[in-house]
Amino acid sequence: MHEMSIAIAALEIMEQAALKHSARRILAVWIEVDASACVEPEAIAACFEVVCAGGIAQGCALHLEQSPIRARCLDCGHEFDLGPGLELPCPLCAGRGLRLEGGRGMVVNRMEIEE
Amino acid sequence: MGKKSIIEVEAAVLGQNDRLAQSNREFFAQWGLLVLNLVSSPGSGKTTLLVETLGRLGQSRPCAVIEGDQETPNDAERIRAAGAPAFQINTGRGCHLDAAMVRRAAQNLPLERGGILFIENVGNLICPADFDLGEQAKVTLLSVTEGDDKPLKYPHMIAASRLMLINKIDLLPYVRFDPRLCAANARKINPRLEVLELSAYTGEGMDAWLEWLGRHPGFA
């Protein structure tokens, strides 16, 4: 269950940001997950609820934003967006060799807080 | 009720692990070590591969091993019996090693300049893909009893790997597994992946693996 480690890491970032902004509660968070990150949104949501319980983020609304990752075809150089699963022929030349252009992984983008 | 507001955070969730992994990389570079993160499903033969590899390398290149398992010190004991220092990490409920665990383990091992540090990750082809340990390369081990479509089922790990080892080829007469199809499936995801076939048990193909290790001198 590495979703649990990820939920804990996300909560640590949120708590640090909340402290910096003197927030009393975290009401909502927007987390971006790109296709290179190997996480299951439903599992993240379940773990997130558990790790937030009892703290300033208890009951916080989790908004997961799934983003694609850029891929570059090694045959024709065409760049396109790749979804989860990572296996897709190039839409232009059907080439199978793809290079993934560095995704952002998982990012805590913003939060709604109560001061 | 206090005032509500939206704040921008823009922080990578695994940023802390990634920073520690980068620090590990610098630490390993000081020692000129080759550091390999060995990943597979449970039971693909990682520990047997390591034991046989250590036996063949002998005194030619100093090795140390970090063993990751949910429970038991068994694997570290097998490595020590093969003559190399080993540090066992038990992750309990955790399904992967992270950069902090590897740093602690590395500091507890007698490392030698120019040697090899093998990190045997927890048997799992999903979670370890997301956690950089500061290694030079991930090496995925598959065995022929697992199905030649496995690379397509676990694309994230294949995408993150430099080398794929197909183990237990001595069992090929008894299973429906096509190593060439397996390699082709893996290269659909990672066209630059290197693939070697071997049997750690009979020793077939081990020379090519040792030759691969020889071609990778370590962090400069």
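What follows is a friendly exchange about strands and helices in a predicted model.

Reader: What makes α2 and α3 of chain B "roughly parallel"?

Author: Helix α2(B), residues 46-57, packs with helix α3(B), residues 74-81, at an angle of about 15 degrees. Angles under 35 degrees count as roughly parallel, and α2(B) and α3(B) are therefore described that way. Their axes lie 9 Å apart, and α2(B) passes α3(B) in a right-handed crossing.

Reader: Which residues make that contact, and how do they divide by class?

Author: On the α2(B) side there are B:Thr47, B:Thr48, B:Leu50, B:Val51 and B:Leu54, and α3(B) brings B:Asp75, B:Arg78 and B:Ile79. By class, this contact has four nonpolar, two polar and two charged residues.

Reader: Why are α2(B) and α8(B) called roughly perpendicular?

Author: Set the angle against the range again. Helix α8(B), residues 206-214, packs with α2(B) at about 70 degrees, with the axes 11 Å apart. The range for roughly perpendicular is 65 to 115 degrees, so α2(B) and α8(B) are roughly perpendicular to each other.

Reader: Which residues of α2(B) and α8(B) are in contact?

Author: From α2(B) come B:Leu49, B:Glu52, B:Thr53, B:Arg56 and B:Leu57, while α8(B) adds B:Met206, B:Trp209, B:Leu210 and B:Leu213. They divide into six nonpolar, one polar and two charged.

Reader: How do you know that α1(B) and α4(B) are roughly parallel?

Author: Helix α1(B), residues 15-31, and helix α4(B), residues 99-107, pack at an angle of about 30 degrees with their axes 8 Å apart. The limit for roughly parallel is under 35 degrees, and therefore α1(B) and α4(B) earn the description. Here α1(B) passes α4(B) in a left-handed crossing.

Reader: What does each helix bring to the contact of α1(B) with α4(B)?

Author: Helix α1(B) brings B:Asn17, B:Leu20, B:Ala21, B:Ser23, B:Asn24, B:Phe27 and B:Phe28, and α4(B) brings B:Ala99, B:Ala100, B:Val102, B:Arg103, B:Ala106 and B:Gln107. These residues divide into eight nonpolar, four polar and one charged.

Reader: Let's turn to strands. How do you know that β3(B) and β4(B) pair, and in which sense?

Author: Pairing needs at least two bridges. Strand β3(B), residues 63-69, and strand β4(B), residues 86-90, have five, in the parallel sense. For instance, B:Asp69 has B:Asn90 in β4(B) as its bridge partner. With α3(B), these two strands make a right-handed β-α-β unit.

Reader: What makes β2(A) and β1(B) edge strands?

Author: They belong to an open sheet of four strands, ordered β2(A)-β1(A)-β6(A)-β1(B), with mixed pairing. Strand β2 of chain A, residues 61-67, and strand β1 of chain B, residues 4-12, each pair on one side only. On average, neighbouring strands of this sheet are turned by 15 degrees against each other, direction ignored.

Reader: How do you know that β6(A) and β1(B) pair across the two chains?

Author: Count the bridges: at least two are needed, and seven join β6 of chain A, residues 106-114, to β1(B). These two strands run antiparallel, and A:Ile113 stands opposite B:Ser5.

Reader: Which helices of chain A lie across strands of that sheet?

Author: Helix α1(A), residues 2-20, lies across β1 and β6 of chain A together with β1 of chain B, at about 45 degrees to β6(A). Helix α2(A), residues 41-52, lies across β1 and β2 of chain A and runs at about 155 degrees to β2(A).

Reader: What is the order of the open sheet of three strands in chain A, and which are its edge strands?

Author: The order is β4-β3-β5, with antiparallel pairing. The edges are β4, residues 79-82, and β5, residues 98-101, since each pairs on one side only. Neighbouring strands of this sheet are turned by 40 degrees against each other on average, direction ignored.

Reader: How do you know that β3(A) and β5(A) pair?

Author: Where at least two bridges are required, β3(A), residues 69-73, and β5(A) have four, in the antiparallel sense. One bridge partner pair is A:Ala71 with A:Leu100 in β5(A).

Conventions:
Residues numbered from 1 in each chain as written. Chains lettered and ligands numbered in written order. Predicted model: local features only at pLDDT ≥ 70, side-chain atom pairs only at ≥ 80, totals over all residues. Heavy atoms only, no water. Axes fitted to C-alpha atoms, helices over the stretch in contact; angles between N-to-C directions. Contact = heavy atoms within 4.5 Å. Parallel < 35°, antiparallel > 145°, perpendicular 65-115°, else oblique. Left-handed = near helix turned anticlockwise from the far one by under 90°. Nonpolar A, V, L, I, M, F, W, Y, C, P; charged D, E, K, R; others polar. Right-handed = clockwise from strand over helix to strand, strands pointing away.
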